[in-house]
Amino acid sequence: MSEDRWEVGSALHWMAVAAPPQPSVLPWANGRWLGTGRQALRLVVELGYRKRGWRRLWIPSYFCQDVARALVATGIRLEAYPDQPGRPIEPPETHPGDALLVHSGLGLRAGRPAVPVDVIEDHTHSLLSPWARGSDATFCIASLRKLLPVADGGVAWSPAGLALPSIPKQTDAQRRATETRLQGMLLKAHYLAGLAVDKSTSLHLLDAGEAAFADGDLCLASALTRALVPALPFVGFEQAHRDNYARLSAALIDGGSRCVVLAPEESAAPFCAFVVFGDAATRDRVRRQLAAKNVYASALWPLDPSVVNGIPDEDRDLSARSFCLPVDARYDGSDMDRIVEAFRCAE
């Protein structure tokens with residue numbers, strides 16, 4: 001990264017991965033590759049609705065509403081149960097015909113309690129955690145582009161050994177969305193390297209590609225993603241997450257009491273440093289001042305407008321008072337130190 005183009009956050013750019021490969025057995029090796037994580041979730045929900053008698057899906061109250069919106073067309077009844085990052089999962093009272101969706105809580109969780117109904121686990125934020133590798137869920141799903149330098153891709157697999165349907169080839173719409181997003185990733189990489197390219201063009205392409213993923217038929221992930229992902233150095237990526245999180249969170253905690261950084265459970269691999277402030281105004285002010293220093297914190301997730309009923313006011317309050325700072329493999333310890341410096345300068 002060119003020194004005068006230093007920044008952290010926002011969408012991943014195209015990365016030339018130089019680290020030697022460390023063999024990883026992917027949990028989804030016998031699963032299915034799909035265009036997006038939303039498609040992977042739709043696949044298993046539609047399968048459960050048709051084949052396993054699901055009529056109600058409990059989803060976490062603190063959950064991406066765009067992803068929840070993609071489930072409406074399946075016909076299943078959606079209902080939220082109270083669930084926040086940084087807290088153990090407390091499943092709702094379930095009945096026959098129910099299924100339960102759980103997620104890794106931004107990579108802060110290391111497991112879940114047993115329940116008497118089918119379970120879908122979302123491992124988007126902790127792709128190869130011990131929990132994901134050792135899952136006994138009915139189904140697991142993940143989006144790949146949140147953690148990995150790929151333009152598209154979702155995966156679905158069944159630790160319980162249930163058969164998943166074959167996936168149609170990539171659609172023209174999916175191909176166009178993937179190509180648009182890949183162009184944005186490549187332009188961002190060249191911008192960060194110091195080339196005289198327009199940053200706003202890369203952002204426009206990234207946003208346009210992401211928006212185009214919102215709808216569409218189930219289809220196969222791109223050939224590029226299917227070939228690249230198994231070759232990526234997951235062990236190094238996971239270690240970078242742990243090291244960067246430890247360095248950043250320790251420094252932020254030592255820097256004062258105006259915020260809290262949620263701690264991961266033992267063996268969990270944090271997706272980000274989830275920072276919680278005392279009020280929304282402070283969060284917004286600090287976030288603006290960080291952006292002015294090229295530190296782009298993400299709000300995960302806005303809960304309004306909501307797709308399902310039952311989201312507690314407490315969750316909306318947490319959403320308004322928090323943001324995520326990146327700790328992924330794009331960065332090293334010196335980047336974390338610069339984030340801390342910018343954070344401490346924010347008023």
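**Notebook: helix H1, aromatic pairs, unusual backbone**

**Entry 1. Helix H1.** I began with H1, where the buried residues are Gly-37, Arg-38, Gln-39, Ala-40, Leu-41, Arg-42, Leu-43, Val-44, Val-45, Leu-47 and Gly-48. I note here that the model is predicted. The count for this helix is 11 buried residues of 15, which leaves H1 mostly covered. I then looked up its extent: H1 runs over residues 37-51. From first C-alpha to last, H1 reaches 21 Å, close to the 21 Å expected at 1.5 Å a residue.

I checked both ends of H1. What caps the N-terminal end of H1? Thr-36 does, with a side-chain oxygen 3.4 Å from the backbone nitrogen of Arg-38. After H1 comes Gly-53, and its phi is positive, near 75 degrees.

A general note on helices belongs here. An α-helix has 3.6 residues a turn, so residues three or four places apart point the same way.

**Entry 2. The whole chain.** I stepped back to the chain as a whole. I find 10 helices and 12 strands in it. The C-alpha atoms fill a box of roughly 55 × 40 × 35 Å along the principal axes. I compared the radius of gyration with the globule rule: for 347 residues a compact globule would have a value near 20 Å, and the chain agrees with its 20 Å. Of the 347 residues, 54% are buried. I also looked up how far contacts reach along the sequence. Among contacts with a separation of 6 or more, 69% join residues 24 or more positions apart.

**Entry 3. Aromatic pairs.** How many aromatic pairs does the structure hold? I find nine. I took Trp-28 and Trp-33 to start: their ring centres are 6.3 Å apart and their planes stand at 90 degrees, so I enter the pair as edge-to-face. Both Trp-28 and Trp-33 are buried.

My next pair was Tyr-62 and Phe-274. The ring centres of Tyr-62 and Phe-274 are 6.4 Å apart with planes at 80 degrees, and this pair is therefore edge-to-face too. I then asked which parts of the chain this pair ties together. Tyr-62 is in the loop between strand E3 (56-60) and helix H2 (65-69), while Phe-274 is in strand E10 (residues 272-277), so the pair links parts 212 residues apart in sequence. Tyr-62 has a relative accessible area of 1% and is buried. Phe-274 also counts as buried, at 1% relative accessibility.

I looked for a grouping of rings as well. Trp-28 and Trp-33 belong to one aromatic cluster together with Trp-157 and Phe-234.

**Entry 4. Charges over rings.** I noted two arginines placed over aromatic rings. Arg-55 has its charged end over the ring of Tyr-49, 4.1 Å from the ring centre. Arg-338 lies over the face of Trp-6, and the distance to the ring centre is 4.1 Å.

**Entry 5. Unusual backbone.** I wrote down the general rule before the exceptions. Most residues other than glycine have a negative phi, and most peptide bonds are trans.

Which peptide bond ending at Trp-301 is cis? The bond from Leu-300 to Trp-301 is, with omega near -5 degrees. Trp-301 sits in the loop between strand E11 (295-296) and helix H9 (313-320). I found a cis bond between Asp-304 and Pro-305 as well, with omega about 0 degrees. Pro-305 is in the loop between E11 and H9.

I then turned to positive phi values. Ser-267 is not a glycine, yet its phi is positive, near 80 degrees. I place Ser-267 in the loop between strand E9 (259-261) and E10. Is Ser-267 buried or partly exposed? At 38% relative accessibility, I enter Ser-267 as partly exposed. Asn-294, also not a glycine, has a positive phi of about 65 degrees. Asn-294 is in the loop between helix H8 (280-292) and E11, and its relative accessible area of 29% makes it partly exposed.

**Entry 6. Gln-65.** I closed with a residue of helix H2, Gln-65. Its relative accessibility is 3%, and I enter Gln-65 as buried. Which residues does Gln-65 touch, not counting those up to four places away in sequence? I list Pro-302, Leu-303, Pro-305, Ser-306, Val-307, Val-308 and Ile-311. Pro-305 on that list is the residue I had already entered for its cis bond with Asp-304.

Terms used. Residues numbered from 1 in each chain as written. Predicted model: local features only at pLDDT ≥ 70, side-chain atom pairs only at ≥ 80, totals over all residues. Heavy atoms only, no water. Phe/Tyr/Trp six-rings, centres within 6.5 Å; stacked < 30°, edge-to-face > 60°. Buried < 20%, exposed > 50% of the residue type's maximum accessible area, 1.4 Å probe, protein only. Helix = DSSP H or I, 4+ residues; strand = E, 2+ residues; numbered from the N terminus. Lys NZ or Arg CZ within 6 Å of the ring centre and 35° of its normal. Contact = heavy atoms within 4.5 Å. Expected span 1.5 Å × (residues − 1). Polar contact = N/O pair within 3.5 Å; in protein donor to acceptor, adjacent residues only side chain to side chain. Rg over C-alpha atoms; globule rule 2.2 N^0.38 Å.
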